[in-house]
Amino acid sequence: MARFKKNQLFFAGKTKSFEAEKIRSAQVSLQFSLTGLEKAQTIMFTSANKGEGKTFCISNIAKEYAKQGKKVLLVDLDLHRPRLSQAIAPMEQGGLMKAIRDLSTLEKQILSLEEENLFFLPTGPLPANPLEVVSSGLLGPLFSKLEASFDMIFIDTPPVRVISDGRMIATLCDGVVLVVRNGVTKLNEVEEAKAHIENTGVPIIGGILNGQQYNKKEKNTYAYY
């Protein structure tokens, strides 16, 4: 497997910083939410709109799980604007699209990241019709094979309110995390996204409020520890 360096999607600040603690807090909250599921291995992250920070959130929560010794896979299934792939492996010609066409090559398409226990499956060249790919029935066998090799799988998808791909992908996952951007995402947009997910029958296991501003006093609270 090729090895890729960390990039701007992964938080690189001090481990005892306010921001690092908020990431750990989100990961711990998710971990508690997963205890209520019969199966809690493949988790999808989505949002109502683009630009709400779901890719940053999924990257860093996956990294926190990897730090705990879990074998973790990040999968970029945003076949429209694959920010994960663009940041980590922009020139990758294999990836998910090649594995779908030939499942026997799947292991070769998975990239090892700098963080120990953390792996990545990029999209590869984007298809002309993403919805046709996600609704073809080919993702099911691919997910099954991945679940046999990894402890946790995190799926990055397009905004569920805007593009219907995520609704199809959700049916293959054990739970969904909805990322909302503070001061940007409107309440009706959150409700619409929530309704789309609920219609799939897959549980929403958590929500992340991204972009919330904290004052100096609130940040200094963490300095005690």
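Me: What does buried mean in this predicted model?

Reply: Buried means under 20% relative accessible area. The model is predicted. In helix 9, the residues that count as buried are Glu-189, Ala-193, His-196 and Ile-197.

Me: Where do these residues sit around helix 9?

Reply: Look at the arc they cover around the axis. It is only 100 degrees, so the buried residues lie on the same side of helix 9.

Me: What covers the buried residues of helix 9?

Reply: The cover includes strand 2 and helix 8 (165-170). It also includes strand 7 (175-181) and strand 8 (204-210).

Me: What span should helix 9 have, and how far apart are its end C-alpha atoms?

Reply: Use 1.5 Å a residue. Helix 9 has 12 residues, 187-198, so it should span 16 Å. Its end C-alpha atoms are 16 Å apart, which agrees.

Me: Let me step back. How many helices and strands are there in the protein?

Reply: The protein has 10 helices and 8 strands. Of its 225 residues, 48% count as buried.

Me: How do I read the contacts by sequence separation?

Reply: Take the contacts with a separation of 6 or more. Residues 24 or more positions apart account for 82% of them.

Me: Now strand 6. How many of its residues are buried?

Reply: Strand 6 runs over residues 152-156, and 5 of its 5 residues are buried. Read the two directions separately. Met-152, Phe-154 and Asp-156 point one way. Ile-153 and Ile-155 point the other way. All are buried.

Me: Which strands pair with strand 6?

Reply: Strand 2 pairs with strand 6 in the parallel sense, over 4 bridges. Strand 3 (residues 72-76) also pairs with strand 6 in the parallel sense, over 5 bridges. Follow Phe-154 to see both pairings. Phe-154 is the bridge partner of Ile-43, and Leu-74 stands opposite Phe-154.

Me: Thr-42 is in strand 2. Is Thr-42 buried or exposed?

Reply: Check its relative accessibility against the cut-off. Buried means under 20%. Thr-42 has 1%, so Thr-42 counts as buried. Strand 2 itself covers residues 42-47.

Me: What polar contact does the side chain of Thr-42 make?

Reply: The side chain of Thr-42 makes a polar contact with the side chain of Glu-147, at 2.6 Å. Beyond four places in sequence, Thr-42 touches residues including Phe-143, Glu-147, Ile-153 and Ile-155. Leu-172, Cys-173, Asp-174 and Gly-175 are also among its contacts.

Me: Which residues touch the most other members of the largest nonpolar core?

Reply: The largest nonpolar core has 33 residues. Leu-73, Val-75, Leu-77, Leu-96, Leu-146 and Ile-155 touch the most other members. Another core, of 25 residues, lies apart from it. Among the members of that other core are Leu-34, Ile-58, Ile-88 and Met-152.

Me: What does Leu-146 touch?

Reply: Set aside residues up to four places away in sequence. Leu-146 then touches Leu-73, Val-75, Leu-106, Ile-110, Leu-121 and Ile-153.

Me: Where does Gly-95 lie, and is Gly-95 buried or exposed?

Reply: Gly-95 lies in helix 4 (residues 95-101). Gly-95 counts as buried because its relative accessibility is 0%.

Me: Which residues is Gly-95 in contact with?

Reply: Leave aside neighbours within four places in sequence. Gly-95 is then in contact with Gln-109, Leu-121, Pro-122, Thr-123 and Gly-124. Compare sequence and space for one pair. Gly-95 and Val-75 are 20 residues apart in sequence. Their C-alpha atoms are 9.6 Å apart.

Note on methods:
Residues are numbered from 1 along each chain as its sequence is written. This is a predicted model: local features need pLDDT of at least 70, side-chain atom pairs count only at pLDDT 80 or more; totals for chains, interfaces and linings use all residues. Side-chain values use heavy atoms; hydrogens and water are left out. A nonpolar core is a set of buried Ala, Val, Leu, Ile, Met, Phe, Trp, Tyr and Cys residues joined through side-chain atoms within 4.5 Å. Buried means under 20% relative accessible area, exposed over 50%, partly exposed in between (1.4 Å probe, protein chains only). Contact means heavy atoms within 4.5 Å. Helices (H or I, at least four residues) and strands (E, at least two) are DSSP runs, numbered from the N terminus. A polar contact is a pair of N or O atoms within 3.5 Å; within protein, one must be able to donate a hydrogen and the other to accept it, and residues adjacent in sequence count only if both atoms are side-chain atoms. The expected span of a helix is 1.5 Å times one less than its number of residues. The arc is that of the directions from the helix axis to the C-beta atoms. Two strands pair if DSSP finds at least two bridges between them.
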